[in-house]
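Please work through the exercises below with the sequence and the coordinates open beside you. Each task is followed by a solution that goes step by step.

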Amino acid sequence: MRQFFIEEISIEGFRGINNEGDPLRLKLRRDAVNSVFARNAQGKSSIFEALSFAIRGVVPKLEDAHASESAGQYYANRFHSKGLAEITLTLVSEPDENRVEIRVRRDRAGNRVVDSPTGTSDPEAILKSLDSEITLVDHHTFQRFVEDSPLERGRTFSGLLGLGFYSEVRQVLEVLASKRTLSADVGQPALETELRMIMESRSTDEQTVRAAHRHLTGTDVEEPIDISAAGLAAVSALCGVDLIAPFLQGKDFREISWDEIKRAIRSEEHGQQQSHLLKLRQRIEDLGRLEPVAEEVEEVEVLRRLVSERSEALRNTRGTGFKTLYEVMDQLLQSEEWKDPQICPGCDSRLEAPLTDRVRERLAEFSIVNELSTKVSAEWREGKWRKRLQETSSQIDVTVVPGVAEVLELVGKKASAGEVELGDLDALAEVDRRLEEARKEAIRIAEKERAEVEKLLPPSLVSLTEQVAHGEKLGSALKRIENAEARAKDLKARLDARQSWADFVEEATRQFAEAEVKNSTARTLALEPIYRATYAAITRHPEIVPALRKVSGKEDLRLVLENFFGLENVSAGALLSESYRNALAISIFLGAAVEARGRAGFIILDDITSSFDAGHQFNVMEVIRTKLARPVVAKGAQVVILSHDGVIEKYFDRLSDGGGWNHQRIQGTPPRGTVYLQADGPDRLRKQAESFLNAGQIDPAEPLIRQYLEYKLQQVIRNVDIAVPFDLAARDDRKMVQNLLNAITKSVDLHRAGGKLVLSGSQSDELEKALVPAIVANWVSHYETGGTKIFTPYMLLGVLDDVDKLADCFTYECRCSGGVQRRQYRDLSSRRCKC
Amino acid sequence: MSKPQATHDEKFAIDPELSAVENLRRFYEHLSASNPEYSRLLESAVASMLPLPESGSERSSKRVAVNRQIAAKLDESSSNLKKQ
């Protein structure tokens, strides 16, 4: 896999780094551990933030800021005249050694623009590919990992091992496979309802066919009903009647015009009575079909149970007013306006637990009511009881049953909305009883009237009319059955396809989840010896053995201690001190970095040892140097360490003397001025200071002079191996020059007293009698004591010269190379060569 | 086209030597062995769902839209089967 390494970072106008017209350029090496040291407020954090903005598009500190702080205006350096932030990364890829420059800018309007001066296509895609959980790591990262919920920790961990994508795909599959939602989404209930209604209608039509067939032919229709055969039987039975035979012979039952036949019979005689008789027969049949059926009893029971459950759930809530309140609170708590979910928006009091969970619980109660209302509504709409009541009330003259229409309408509306109550159902049952009485009475009246009409008609015509009615019913029923069969077939095919799909997705999800769990478990287990060894190397405590525990079937990850001084499987969060919890997080992150890195061949670590003492800091750095980073680990990561810790800086400095460590210091005058590498510093500092002093400007020159003095004195101490007090780095910064001078003079005095001083007599005298007193008198009294004595620019130029002369006191003439070269002494008692 | 069959008996396993994207592609190939049409449909559906929204309501909206598309494809297939 192609990996990218950083060759150079260039920053201008971003956060604390102004550097207008003169960007800060940090060169990094692939074959070394890279470290960057800066004291507080010298721009170190701005480097980390610049990388975060370039790769991830965000600066977390600004993203997390409260909306009222208008964080957007703080990306660019506020003192840069153009307000344009620019970060350029020069990347080199392995194994192809391709060099890529990517420039990320943020303009005044807040737009992020990414391009490539080297013409690389899609530089944004390259940046995105570099983003992972272990590309940019600071102490917040570790703190969050330890303090996060098991779910969030699990997700972070998945990301560390590059498993985040699998987890996301699994979640997607679970969403798609969820039976509860899939069925509704693909319209399955509607199809099932339509199919059920078609089958019910078919059942009714088949009964009609059986009854009509028996009336027409005197025999039972063959089961299962063959449409064509039944139709043929009907036609054949009626063909025997001369009056209507011409309308039937040679025709399929689908082609017969029953209206023509009825007109023919009417035209014979007694037309009106025949029509009336037909209508009466139809009415008796229609009313007869509305007899209550046994299935309705169970249906009503189900409906009553659902209504009862709904009423109970409704009582658990506190009414619609509270629902509105909870919805508004939920919205507010989720928004950027409200940062702390443990503060109540209503009364500003601090709560024991986040309010979000409680609000969601309350809203869930309303969701239960809604679900039950939906079920009640569905049960009502699809029920046979409702249909029968409505049809009966449409057939009966409801004026004979006063109040029925109003009850039906009112309860019907409530039931359709899912808001009906048990009392309403009781009222409906009473309506049903009265309608049933009315129905039976209506049938009795119709039958009585039919008997009277039949008396007026000739028996043969009465009989023929009846037969034709049966024939028509049979023909219509057969047509409906035929149409229903086609539609049912289509519906079944669509339902089968949905079921098949649901089975497929369910099985695919199961297989993928199983594979994911297996892979994740294997990777976690593979990581175990690595992070355990790392933890042991950092803490040097063999009696503390950490372990990561995945919760089965979930993304959750728990931090436990498999062994804690003899205690087994106890909580890491509860028992470990803050620094050891951080050590655990570091071990896991570094372990993951050893085990799995993506496209980014580099890791940026910002102040990761801030919670450790010197000894543990050293252990962490040694782990990084020997187990993770190049060059010790041949195919290891390019590590870049940012730090402000003066103690660990000694370690960086010492290692940089060898080949495998690239240490740099930055300093400057952020946020207004320039941040630069100290290696570039001395000449630049001196030139700038001289320039200001020559122009008579003391104030801007002073900090530059201070930095120059410190640099030169530190250079002498470092190169000539002069001992300093161990707490020099922690002493008062304002007195640093004095402290450095003291260290040098004390060491020189010691060597002089012991007769070991390698400096020449004149060098020693000049140092003791002229240079040090001059620097102390001029500089220390003016700057470090904050005195108000007025110094001229010439005097301060003299201080610069004195320091150069002091540095020269620690050099000698070397003739080893043939010419004459000034070299620094190896230490205060020896030269670097035999000269 | 014959009625869709159950998924393949052989188990799918993630190959740690391959990238996540490559493993996902292998997963769809594995599913295609038993049902290529559904495998393609699933691949399209998953691609439409990614990245998975954090918000529940956005997630539901996406899910509903994707499942409706699936239903339309299933009905189209059924209809084509009928014509054949």
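**Exercise 1. Describe the fold of chain B along its sequence, and state what share of its residues is buried.**

Solution. Reading along the sequence, one finds that chain B follows the pattern α-α-α, with three helices and zero strands, where helices (H or I, at least four residues) and strands (E, at least two) are DSSP runs numbered from the N terminus. This is a predicted model, in which local features need pLDDT of at least 70 and side-chain atom pairs count only at pLDDT 80 or more, whereas totals for chains, interfaces and linings use all residues. Residues are numbered from 1 along each chain as its sequence is written, chains are lettered from A and ligands numbered from 1 in the order in which they are written, and side-chain values use heavy atoms, with hydrogens and water left out.

Next, consider burial: of the 84 residues in chain B, 37% are buried (under 20% relative accessible area, with exposed meaning over 50% and partly exposed in between, for a 1.4 Å probe and protein chains only). Finally, look at the loop between α2 (36–49) and α3 (56–83) of chain B, which holds B:Pro51; the peptide bond that joins B:Leu50 to B:Pro51 is cis, with omega about -10°.

**Exercise 2. Characterise the interface: how many residues of each chain take part, and what area is buried?**

Solution. Begin with contacts (heavy atoms within 4.5 Å): 30 residues of chain A are in contact with 41 residues of chain B. The size of an interface is often given as the accessible area lost when the parts come together. Here the buried area (accessible area, 1.4 Å probe, that two parts lose on being put together, summed over both) is about 3,200 Å², and carbon and sulfur atoms give 70% of that value. On the side of chain A, A:Asp185, A:Trp501 and A:Phe504 supply 21% of the area that this chain buries against chain B, more than any other three residues.

Then turn to the polar part of the interface. Four salt bridges (a side-chain nitrogen of Lys or Arg within 4 Å of a carboxyl oxygen of Asp or Glu) are counted between chain A and chain B, one of them between the side chains of B:Lys11 and A:Glu514 at 3.0 Å, N to O.

As the last step, assign the chain A side to its elements: α6 (164–177), α7 (179–185) and α18 (459–539) of chain A each give two or more residues to the side that touches chain B. The largest share, 17 residues, comes from α18(A).

**Exercise 3. Which salt bridge links helix α18 of chain A to helix α6 of chain A, and are its partners buried or exposed?**

Solution. The pair is A:Glu516 and A:Arg170, whose side chains meet in a salt bridge at 2.3 Å, N to O. A:Glu516 lies in helix α18 of chain A and A:Arg170 in helix α6 of chain A, so the bridge links distant parts of the chain, 346 residues apart. A:Glu516 counts as buried because its relative accessibility is 9%, and A:Arg170 counts as buried because its value is 8%.

For a local counterpart, take A:Arg510 and A:Glu507, which form a salt bridge at 2.8 Å, N to O, and which both lie in helix α18 of chain A, three residues apart, about one turn of the helix. A:Arg510 is partly exposed, with a relative accessible area of 41%, and A:Glu507 is partly exposed at 21%.

**Exercise 4. Where in chain A do A:Pro95 and A:Glu97 lie, and what is said of their backbone?**

Solution. First locate the residues: A:Pro95 is in the loop between β4 (85–94) and β5 (99–106) of chain A, and A:Glu97 is placed in the loop between β4 and β5 of chain A. Then inspect the backbone: the peptide bond from A:Glu94 to A:Pro95 is cis, with omega near 5°, and A:Glu97, although not a glycine, has a positive phi of about 55°. With 44% relative accessibility, A:Glu97 counts as partly exposed.

To close, A:Glu94 is one of the residues in contact with A:Arg630, and the side chain of A:Arg630 reaches the backbone oxygen of A:Gly636 at 2.8 Å.

Notes. A polar contact is a pair of N or O atoms within 3.5 Å; within protein, one must be able to donate a hydrogen and the other to accept it, and residues adjacent in sequence count only if both atoms are side-chain atoms. Lists of a residue's contacts leave out its neighbours within four places in sequence.
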